[in-house]
Amino acid sequence: MNITKQNEADKLVLLIDGKLDTLTAPQLDAALREAFEASDNVEVNLEKLAYVSSAGLRVLHAAHKRVKGKGRLEISHANGTVLDVFESTGFSSYLTII
Amino acid sequence: MKIKKLSTVFRHKLLKVSAIILLCSILLMFAAVIFVVRLSTTEMLKSQIGELRDGVDYYSEFAFNSPNNYLETKPDVLTQSELDDYFHIFLATNWYYIEQDGSIPFTDDSTMRGKNASADPELAQFADIYSGKVTDFDSPQEIPSADFQSENWKKLVICRYGDNSFVVLKYAPKEYYHMLDAVVARLCNFESVGTNGSNMILRQDGVIISPAAGVRDKLHYASSTVDAEMLRAQSAENNLFLVTLNGTNYYAMYAQADGYYTLTVIPRAEVIGSLNAVMSITAFLVLLLLTVIFIRINSLTKRLIVKNIETVNNGLAEITSGNLDTEINVRDNVEFNQLSDGINATVSSLKGYIQRESERFEQELELARSIQTSAMPNVFPPFPERHDIDIFASMKPAKQVGGDFYDFFFIDDAHLVFLTADVSDKGIPAALFMMKAKTIIKSLAQSGISVENVIVSANKILCEDNNADMFVTLWIGILNTENGELSYINAGHCKPLLRRTDGRFEYLPDRADFVVACEDDVPYHGKRLTLKKGDALFLYTDGVSEAVNKDGRLFGEERLKDALNKEKSATAKNICATVSTELRVYSQDAPQTDDITMLAVVYNGGIIREKIMVDADLSQLAKVYAFIEKQFAECGFDSEALAEIGIIADEICSNIVLYAYPVDKGKLTTEFSFNPATEEASLVFIDNGIPFNPLNTPVPDFENAEARKEGGLGIFLVRKLSDRLEYKYTKTQNILKIIKKRRNAP
């Protein structure tokens, strides 16, 4: 999995490319922590994500809880299997998915 | 016996008849000529004889009338001596002076002197003349012909002498001839009959009196005497007879003429000769006439009969050869008109009958064909739910129903039986036999026995009551679709072609066993080979390899192989289509002589089994994930499915790695298998860790996602994304099996 950072006007965008599973979840966790130190608003772009497993969901869940009231985590461009997973697990109503 | 042409027979007969007519006419003419010759010669000679006799009679009359004239005056004194002197001049043999009462006072016959005439029979006959009862009489009496022959005859001359007396003169032959010979001698001197014939006068003793010796010598026969007896022996008087004189044949005729024979002869050659020429000319004319008639009749026959019969025969030959549209039109005469009409009507009604029969037969054949066709699997693809096997077959019968057949069917989920076969005949009998063979083979094969047993048993059954002496060649294979193992038997059939995944079609080199349904105890040898994924097998009957083009050349095995390898067709249908196209191009308009049957099987692979075993450690999971992704990708799962598989794998593997081995690290084994038949992939995860049945995990509470335990989430996703989940714990192993079905076509 590759994570590319992009600074935009009011937020930091993390472009995730690859698979988000047990093996790569810690990598995203670290990236998110780092991102929220730099910015309050972080957008995770999942356009190029092949799939996400529960380990990935847990990382996003944890980050969401961490920044609650301090900043904002947005999930964007979730599609296909990824969106399906978000929706079937109820994460779509819980996380901010744009 | 050799049968001749009508014209020849007719000519021979005609020639025979003509020859007979010619012969008869010549014979008839010959007979007619003989008859005419005889008739005319008779007439000619009769007139000659008549004249001659008249001549003799005339001279005789003249000579013997003279005493009558001389004795008109009678001397007054009658004495013997005076009368002797007086009558001496008549040179008679005897003379008699007879009175009215028949007394003979004077005579030179002393025996009769002074006697009565009645004492002498010769004199007695004139009694009525002496007595004066008969006054009118001939003086010289004719010599009676009967007496003439005897030489005892006398020429009698009776003369009135004075008023009441008569003188009778008797001339014996000697005196008679003495009197007459010299007179008669001249009669024939100057006359000839025809050119070389002549008249003759002979004395009773055969001496020729006339013509005279000198004249006679000039005639071409030189005989001086003719035997009167011989003449008399030849024939009666006035009859024509043939006589040979000095080696020459003469027609001759004789008659008696007052003491002489008159004879007339003419050379036969002279009479016949002139007629011979006439006859030759006539014969030639007859011949000419017959020839003309012969030629005319011959040509008429030829024109009126033979030619017409030939026309009729040619028409009939054409009809016999199958062209029932031929019409015979010989309208020269009523008979041939009737014949033509009769034949045309017969052929026409025959044609109608054949038409009706053939329509009925066509219908029955069509029905038989549809039964036969429906007996063979003919819905393609036959197993749409299976992707491990691609099979296509076609049968194109040469006649309406053929003896070829193919068949394929699954005897269970894994075993496919397929075959092509050829019954050694065509038509309905072959089709019936084919149905029997097909049914027997199918029922035997469905019992699950080996291919050897199927064919050995089928052979035994088919041999029983095989009265038709038919046999079947076949190639049958039983394919285990799970592992590609193919067992097969070739019973006298065409060698199939096998194409390996990366190769070209090549003939299977095995030697064929004996045909089926011929000998009930021949052994059959099953062969084995293993098909790999992508391998293709092409079966056919000899209708393919022995299809002919319009020059009569066979399509042949080499051309078939080239056709199959022309392009690498992936599907069974395309393989068959390629061969069909090549066959059509090759044979063009040449008629199909045999059933064309082909069957192609493409094996898309059996069950794939792969596995990987790693230490149950996070560092090893990447390997496992890569393995799983690779297997699924190779089995044709799409990216969406791969994503779902990725999630499933991650959830389960991470769970095992993190929780299965709380104390000692163990192993994680992942087994993959894919069954193309069902399109189901199974992933089995095995660990020796603590027993854990994920199926017992409760469904997470999504209402309060924030508050719930996260542990159930992974299992939830696994449940959601897999088609089936099975768990079991055996001894020390947690075995979790996940079934994932392939949704997309490969």
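Two strands count as a pair when DSSP finds at least two bridges between them. With that in hand, let's walk through this model, which is a predicted one.

**A four-stranded sheet in chain B**

Start with a sheet in chain B. Its 4 strands run in the order S2-S1-S4-S3, the sheet is open, and the pairing is antiparallel. Which strands stand at the edges? Strand S2 (106-107) and strand S3 (155-160) do; each has a single partner strand, so one side of each has no neighbour in the sheet. Being at the edge doesn't leave S3(B) uncovered, though: 5 of its 6 residues are buried.

Val168(B) in S4(B) is a handy landmark here. Ile158(B) stands opposite Val168(B), and Tyr96(B) also stands opposite Val168(B). S3(B) and S4(B) make a hairpin with 5 residues between them, and Gly162(B) in that turn has a positive phi of about 80°.

**Strands around S25(B)**

Further along chain B, strand S25 (residues 733-741) pairs with S23(B) and with S24(B). Ile735(B) plays the landmark role this time: Ile686(B) is a bridge partner of Ile735(B), and Lys728(B) stands opposite Ile735(B) as well. Here are the pairings from both regions.

| Strand pair | Sense | Bridges |
|---|---|---|
| S1(B) (94-98) and S4(B) (166-171) | antiparallel | 5 bridges |
| S3(B) and S4(B) | antiparallel | 6 bridges |
| S23(B) (680-687) and S25(B) | antiparallel | 8 bridges |
| S24(B) (724-730) and S25(B) | antiparallel | 7 bridges |

How do the side chains of S25(B) point? They alternate. Asn734(B), Leu736(B), Ile738(B) and Lys740(B) go to one face and are buried, whereas Gln733(B), Ile735(B), Lys737(B), Ile739(B) and Lys741(B) go to the other face and are not buried. So if you're following Ile735(B) through its two partners, bear in mind that it is on the face that isn't buried. S24(B) and S25(B) form a hairpin too, with 2 residues between them, and Lys731(B) in the turn has a positive phi of about 50°.

**Backbone oddities**

A few loop residues are worth a look. Asp258(B) has a positive phi of about 50° even though it isn't a glycine. Asp258(B) sits in the loop between strand S9 (248-257) and strand S10 (260-267) of chain B. Is Asp258(B) buried or exposed? With 22 C-beta neighbours inside 10 Å, Asp258(B) counts as buried, because the cut-off for that is 20 or more.

Glu679(B) is another non-glycine with a positive phi, about 60°. Glu679(B) lies in the loop between strand S22 (667-675) and S23 of chain B, and Glu679(B) is buried, with 21 other C-beta atoms within 10 Å.

There's a cis peptide bond as well: the one from Phe380(B) to Pro381(B), with omega near -5°. Pro381(B) is in the loop between helix H10 (334-375) and strand S11 (389-396) of chain B.

**Helix packing and cores**

Helix H11 (427-446) and helix H12 (451-463) of chain B have axes that come within 9 Å and cross at roughly 145°. The crossing is right-handed. On the H11(B) side, the contact residues are Ala437(B), Ile440(B), Ile441(B), Leu444(B) and Ala445(B); on the H12(B) side they are Val454(B), Ser457(B), Ala458(B), Ile461(B) and Leu462(B). By class that makes 9 nonpolar, 1 polar and no charged residues.

The largest nonpolar core has 69 residues, and Ile476(B), Phe538(B), Met598(B), Ala600(B) and Val601(B) touch the most other members. Beyond four places in sequence, the contacts of Ala600(B) are Phe392(B), Ala536(B), Phe538(B), Ala572(B), Ile575(B) and Cys576(B). Apart from that core lies another, of 63 residues, including Leu20(A), Leu32(A), Ala55(A) and Ile75(A).

**Where the chains meet**

The contact between chains takes 19 residues from chain A and 20 residues from chain B. On the chain A side, strand S3 (41-52), helix H2 (54-67), helix H3 (80-88) and helix H4 (91-94) each supply at least two residues. That side of chain A has 8 nonpolar, 8 polar and 3 charged residues.

How values were computed. Residues numbered from 1 in each chain as written. Chains lettered and ligands numbered in written order. Predicted model: local features only at pLDDT ≥ 70, side-chain atom pairs only at ≥ 80, totals over all residues. Contact = placed C-beta atoms within 7 Å. Nonpolar A, V, L, I, M, F, W, Y, C, P; charged D, E, K, R; others polar. Axes fitted to C-alpha atoms, helices over the stretch in contact; angles between N-to-C directions. Left-handed = near helix turned anticlockwise from the far one by under 90°. Buried ≥ 20, exposed ≤ 12 C-beta atoms within 10 Å, placed from the backbone. Core = buried A, V, L, I, M, F, W, Y, C linked by C-beta atoms within 7 Å.
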